[in-house]
Every structure is written in structure tokens, then in C-alpha cells.
Amino acid sequence: MSTLPPRTPADTNAHHAPSTAMRPEAGTGNYRPEPVSFVRRGSRLQGRRQQAWDEYAPQFVIDVPRLEADTSVDPAYLFDAKATFGREAKLVVEIGSGLGEAIVHAARTNPDTDFLAVEVYRPGLAQTLQKAGPLGLTNLRLIEANAPEVLATTLSEGTVDELWVFFPDPWHKTRHHKRRLVKDSLVPLAARVLKDGGTWRLATDWVEYAAHIAEVLRTAEQFENQHPDTLGLPYTEDGERIAGVAPRFAGRILTSFENKAREAGREATDFELVRTPRP
Ligand SMILES: C[S@@+](CC[C@H](N)C(=O)[O-])C[C@H]1O[C@@H](n2cnc3c(N)ncnc32)[C@H](O)[C@@H]1O
């Protein structure tokens, strides 16, 4: 792994407890201004995932310095794409990359572009390594961290060509909506990291979340929706349809996650926005 300052001791706040139950205080550690969009279900690996981690993490996983929680990133740390990849190339960042299906496929089929996967779920990162490691990909790196923090401080302003958010957790209950990854506060963070003219792509299989995303994006002044007049799926009983929907992004492969959603009758809704030039 890269030679960075040692990590601070792992934090023991409630949202890192290896429990699948949501605790009332989960994710509300007072060093984070907002509730996080995940519940950490433990990061212990076994068998092949552990093997993949041992073998490939030094090559692929950026050993970012932490501040408080073990999914935080010290705000003083800056990701240096040029030094990391040893070249200057287009940079695509996927946040919430899950098992890595989309980003590994993209990295394999676009060798001239560099890719950064940001994910909090270590078993997902290990599965990403299981795919990427044997392929010997040199244009992919992973960061195990809370994505909004990475967007806020780890990535330098205006350095990302594309930002991907595919199938973020829907957090259905109204009282959990504040935990959604895509919300008003994500917009300035996405706008911060994207270059002028850079693209923000999103997709979700939940129609109600798609309607929420459409509303968040509609008022995002830093972005221009590339398909403002295209209507998507109906989301109300009156048949009101989601506005500003993009055609399916050709670079987004059908992941096992999306496939399950399809089998359950849920079609994906895509969005494509372009960062308007900074004044
Ligand atoms: C429903 S899964 C979708 C995974 C993947 N994008 C796909 O399409 O298969 C959502 C993923 O986002 C991750 N996630 C949620 N909140 C996150 C955050 N704040 N930072 C990084 N990853 C996050 C979860 O751990 C999970 O792996």
C-alpha cells in the first residue's frame, strides 16, 4: 500500500458495531454533521475474500489516513491521481461500488481511463479485488470510506471526469430519508469534484427514490440535465411520471444487483447531468 501516515485507532462508534440491527444512534457520531447512508455490517473477511484482500489490497486499495471512524478520511489527505496511476488520464469515480461489477467491467474495457471505486463495505471491496486482481488491471484503485467525505476533501476540486452513483440504498422509511446518499447536500460535493463539463450519472431501481433524485437534481444549479424533457416511469397513482430521465447508460453493465431488481419487476431509471462551467 502507499506510504501514508498511519491510521488512527479504529473508532468504536455504534455504526461500526458488527450488527445488522439499526441502532437509534447509528451513524450520528458527533464528528459527522449528517447521518451516514450505510450501516456497517462488519468488515471481517473469510476464505477467498480474505485471500483476495491479502493478495491484491496492497496493489489496489489506497491506504487513506483516518480521522475518527474507520470509514472516515483525514481531511488533510489528498488523492493524487497522477501519482497513483503514473499518468494523466480521464478519471471516473464510482461511489457505492458494491461488488465492483460495473467498475471492473468499465476498467477492463476502457484501459485509457482511470477508475476509482469508493465503498464502505469491505466484503464488497474484497469481491471487487477477486475480479480485478487476476485481470491485473492497472487503471483501477479502491478507497474504503464514506463517499461524501471523499467528495468533500479527498478528491481535489475539479479533477473528476465522471461521477457514478448506481443503485444507492433506497432507505424507504420516511424517517430514514435523511440517510439517503442522494440528497440536496450531495449536490455541491458532486459539483465540487467534477470538472467543468464533467458528467454525473445516477441510476436506481426504486421508482420512489428516482422521483426523489429527479427532484434533487431539478434544483441543482451547478448541473444541466442532458434529458430535461424525457419522462420516465409513473410514480404517483395519478400516473405522474419522473422527469429528466436519461436513456440507459451504455457503459453500465447489467449487474447481479440490477438483475435481481428486474426479476422483481423493478426497472432502472437513469440520470445524466453535466457540470456547468464555473464562473
Ligand atoms: C445497493 S448497493 C449497490 C451497489 C452497486 N452500485 C451496484 O449497482 O451493484 C449500495 C452500495 O453503496 C454502499 N454505500 C452506501 N453508502 C455509502 C457511502 N456513504 N459511502 C460509500 N459506499 C456507500 C453500500 O455499502 C452498498 O455496497
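Start by selecting Arg-180: with a relative accessible area of 1%, this arginine is buried. Keep in mind as you click around that you're looking at a predicted model. You'll find Arg-180 in the loop between β4 (160-166) and α6 (186-193). Now follow the side chain outward, and you'll see that it reaches the backbone oxygen of Pro-170 at 2.7 Å. What else does Arg-180 touch, leaving aside its neighbours within four places in sequence? Besides Pro-170, show Ser-37, Trp-171, His-172, Glu-208, Tyr-209 and His-212, which are all in contact with Arg-180.

**Next stop: the ligand**

Keep Ser-37 on screen, since it was one of the contacts of Arg-180 and also belongs to the closest residues around the ligand. Which others are on that closest list? Add Gly-96, Glu-119, Asn-146 and Phe-166 to your selection; in total, 19 residues surround the ligand.

Three distances are worth drawing here:

- From Ser-37, a polar side-chain atom lies 2.7 Å from a nitrogen atom of the ligand.
- From Glu-119, an N or O atom in the side chain sits 2.5 Å from an oxygen atom of the ligand.
- From Asn-146, a polar side-chain atom is 2.8 Å from a nitrogen atom of the ligand.

How much of the ligand does the protein cover? On its own, the ligand has 590 Å² of accessible area, and the protein covers 90% of that.

**Stay on Asn-146**

Centre the view on Asn-146, in the loop between β3 and α5 (147-154). Is Asn-146 buried or exposed? Its relative accessible area is 7%, so it counts as buried; the cut-off for that word is under 20%. Besides its link to the ligand, the Asn-146 side chain makes a polar contact of 2.8 Å with the side chain of Glu-149. Setting aside neighbours within four places in sequence, the residues in contact with Asn-146 are Arg-32, Val-36, Phe-38, Thr-71 and Val-120.

**Over to helix α1**

Select residues 47-60 to bring up α1, a helix of 14 residues. From its first C-alpha to its last it reaches 19 Å, close to the 20 Å expected at 1.5 Å a residue. Where does α1 bend? Look at Asp-54: the bend there is about 40 degrees, and a proline, Pro-58, follows within four residues.

Now colour Ala-52, Trp-53, Tyr-56, Ala-57 and Phe-60, the buried residues of α1. An α-helix has 3.6 residues a turn, so residues three or four places apart point the same way. To see what covers those buried residues, switch on α4 (122-135) and β3 (140-144), which are included in the cover.

**Out to the surface: Asp-112**

For a contrast with Arg-180, pick Asp-112, in the loop between α3 (101-109) and β2 (113-119). Asp-112 counts as exposed because its relative accessibility is 63%, and exposed means over 50%. Leaving out neighbours within four places in sequence, Asp-112 is in contact with Arg-87, Ala-89 and Lys-90. Then measure across to Asn-139: it is 27 residues away along the chain, and the two C-alpha atoms are separated by 7.8 Å.

**Zoom out**

Finish with the whole chain in cartoon view, where the secondary structure comes to 8 helices and 9 strands. Of the 279 residues, 50% count as buried. Among contacts between residues at least 6 apart in sequence, 74% join residues at least 24 apart. Turn on the surface last: the accessible area comes to about 13400 Å², and 50% of that belongs to carbon and sulfur atoms.

How values were computed
Residues are numbered from 1 along each chain as its sequence is written. This is a predicted model: local features need pLDDT of at least 70, side-chain atom pairs count only at pLDDT 80 or more; totals for chains, interfaces and linings use all residues. Side-chain values use heavy atoms; hydrogens and water are left out. Helices (H or I, at least four residues) and strands (E, at least two) are DSSP runs, numbered from the N terminus. The expected span of a helix is 1.5 Å times one less than its number of residues. The bend at a residue is the angle between axes fitted to the seven residues ending there and the seven starting there. Buried means under 20% relative accessible area, exposed over 50%, partly exposed in between (1.4 Å probe, protein chains only). Contact means heavy atoms within 4.5 Å. A polar contact is a pair of N or O atoms within 3.5 Å; within protein, one must be able to donate a hydrogen and the other to accept it, and residues adjacent in sequence count only if both atoms are side-chain atoms. A residue is near a molecule or strand if one of its heavy atoms lies within 4 Å of it. Accessible areas come from the Shrake-Rupley method with a 1.4 Å probe; for residues, only the protein chains shown count as cover.
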